[in-house]
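Trainee: Could we go through this model together? I'd like to know what stands behind the labels.

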Amino acid sequence: MEHSSPLREWDDVAAGWDDEPAVRRYAGAAHGSLGGLAADLGVELSGRALDFGCGTGLLTEHLVETYDAVVAIDVSERMLDVLRAKAADRGWANVHLHTDLRTAQGPYELIVASSVLGFVDDHPATVRSLAQRLSPGGLLVHWDWDADPRSDDPHGLHRPDVEAALRDAALTDVGVGTGFTLDVEGHSMAPLMGWGRRGG
């Protein structure tokens, strides 16, 4: 299958992605905000986790420490090649790689998606599909760029749309806020964070 232009762009940056300090700090901050949210909700971070849109696995690196199994999904084979090499080098037998969500049915106690849902073709449908893979009580958390409503071509997601998608997926304990703030080269990054739990 011929890659789309955006996919080629991810393939092209895969080899040097882990060398970018900003993306490493972003992954660490996202994981830190996940820990704070889990503590607030009384959720134990254990069991099986799904990292949707994992890239080279910078968030996966944190999850592998506390989860029995981590399924990592990305459409970029070159990004997955980087993660595959890390997993082999570090002996991560509990990390399993996929390129298609349909091959990773679950259930999962945690599903995370870092800076990916703003790029999918159908954000609400993707959230529903992810929510269906949660175990009862399971937690879905994602971080994305907060779209500027004043822009003619806003990049990212609008907070009301994020909340609506989570609620339409029949999740409970739904919330949307600022995940964390991070200063990078004089610019402040404050991605939104959306979350919800599967009832049952």
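Trainee: What makes Trp-195 the bridge partner of Val-141 in strand 9?

Mentor: Strand 5 and strand 9 (residues 192–198) pair in the antiparallel sense over six bridges, and Val-141 is matched with Trp-195 in strand 9. Two strands count as paired if DSSP finds at least two bridges between them, so six bridges qualify. Strands here are DSSP runs of E, at least two residues, and helices are runs of H or I, at least four, numbered from the N terminus. Mind you, this is a predicted model: local features need pLDDT of at least 70, side-chain atom pairs count only at pLDDT 80 or more, and totals for chains, interfaces and linings use all residues. Residues are numbered from 1 along each chain as its sequence is written, and side-chain values use heavy atoms, without hydrogens or water.

Trainee: Why are strand 3 (95–98) and strand 6 called edge strands?

Mentor: Each pairs on one side only. The seven strands form an open sheet, ordered 3-2-1-4-5-9-6, with mixed pairing.

Trainee: What makes Leu-50 and Leu-130 part of a nonpolar core?

Mentor: A nonpolar core is a set of buried Ala, Val, Leu, Ile, Met, Phe, Trp, Tyr and Cys residues joined through side-chain atoms within 4.5 Å; buried means under 20% relative accessible area (1.4 Å probe, protein chains only). The largest such core has 24 residues, and Leu-50 and Leu-130 are among those with the most contacts inside it, so both fit that definition.

Trainee: Which residues does Leu-130 contact, leaving aside neighbours within four places in sequence?

Mentor: Leu-50, Phe-52, Leu-101, Ile-111, Leu-117 and Leu-140, where contact means heavy atoms within 4.5 Å.

Conventions: Buried < 20%, exposed > 50% of the residue type's maximum accessible area, 1.4 Å probe, protein only.
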